[in-house]
Amino acid sequence: MRSSKFCLHPAGDTPSSCRLFDAIVSHCVPVIVSDKIELPFENEIDYSQFSLFFSFKEALEPGYMINQLRNFPKQKWTEMWRQLKNISHHYEFHYPPKREDAVNMLWRQIKHKLPGIRQSVHRSRRLKIPDWWKR
């Protein structure tokens with residue numbers, strides 16, 4: 001990955017793939033193929049500054065993606081590569097954890113999601129139809 005300019009990141013059947021983390025810490029511009037993907041830390045990091053996005057439809061069109069990547073401007077790629085170098089520390093795991101590394105980013109992401117999860121749990125309890133209603 002270190003010697004590649006672009007690294008393919010197709011959406012998989014599990015959100016736990018390491019391909020994206022590997023591409024970012026290798027300073028390889030991620031090429032994300034997905035229509036609906038939840039990216040790690042996307043509430044804090046703007047992926048459009050260092051990643052390329054293609055829909056499934058575009059990816060399935062013969063030759064489309066490869067032509068886009070071959071004709072990608074070198075200056076724009078260099079800007080994305082520099083941005084990757086600036087943010088890659090957020091995707092590295094350390095023991096013990098360091099400030100702003102992947103462990104801290106994961107805990108911050110969980111902290112931001114907890115209120116929404118709590119609200120959903122409370123809402124589902126409140127809106128649940130009692131068993132006696134079904135009789």
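A disulfide is taken here as a pair of cysteine sulfur atoms within 2.5 Å. The model is predicted, so that local features need pLDDT of at least 70 and side-chain atom pairs count only at pLDDT 80 or more, while totals for chains, interfaces and linings use all residues. Residues are numbered from 1 along each chain as its sequence is written, and side-chain values use heavy atoms, with hydrogens and water left out.

**Exercise 1.** State how many disulfides the structure holds, and characterise the bond that joins Cys7 to Cys28.

*Solution.* The structure holds 1 disulfide. It joins Cys7 to Cys28, with an S to S distance of 2.0 Å. Distant parts of the chain are linked by this pair, 21 residues apart, since Cys7 belongs to strand 1 (residues 6-10) and Cys28 to the loop between helix 1 (19-25) and strand 2 (29-33); helices (H or I, at least four residues) and strands (E, at least two) are DSSP runs, numbered from the N terminus. The torsion about the S-S bond is about 110 degrees, and the disulfide is therefore right-handed. For the surroundings, buried means under 20% relative accessible area, exposed over 50%, and partly exposed in between (1.4 Å probe, protein chains only). Cys7 is buried because its relative accessible area is 7%, and Cys28 is likewise buried, with a value of 0%.

**Exercise 2.** Describe the geometry of the aromatic pair formed by Trp77 and Trp81, and place both residues in the fold.

*Solution.* Rings of Phe, Tyr and Trp (its six-membered ring) pair if their centres lie within 6.5 Å, and planes under 30 degrees apart count as stacked, over 60 as edge-to-face and the rest as tilted. By this rule the count comes to 8 aromatic pairs. One of them is formed by Trp77 and Trp81, which are stacked, at 6.2 Å centre to centre and with 20 degrees between the planes. Both residues lie in helix 4 (residues 74-87), 4 residues apart, about one turn of the helix. Trp77 counts as buried because its relative accessibility is 15%, whereas Trp81, at 28%, counts as partly exposed. As a further step, ring pairs link Phe21, Phe41, Tyr91 and Phe93 into a cluster.

**Exercise 3.** Identify the residue whose charged end sits over the ring of Trp77.

*Solution.* A charge sits over a ring if NZ of Lys or CZ of Arg is within 6 Å of the ring centre and within 35 degrees of the ring normal. The residue is Lys5, whose charged end sits over the ring of Trp77, 5.5 Å from its centre.
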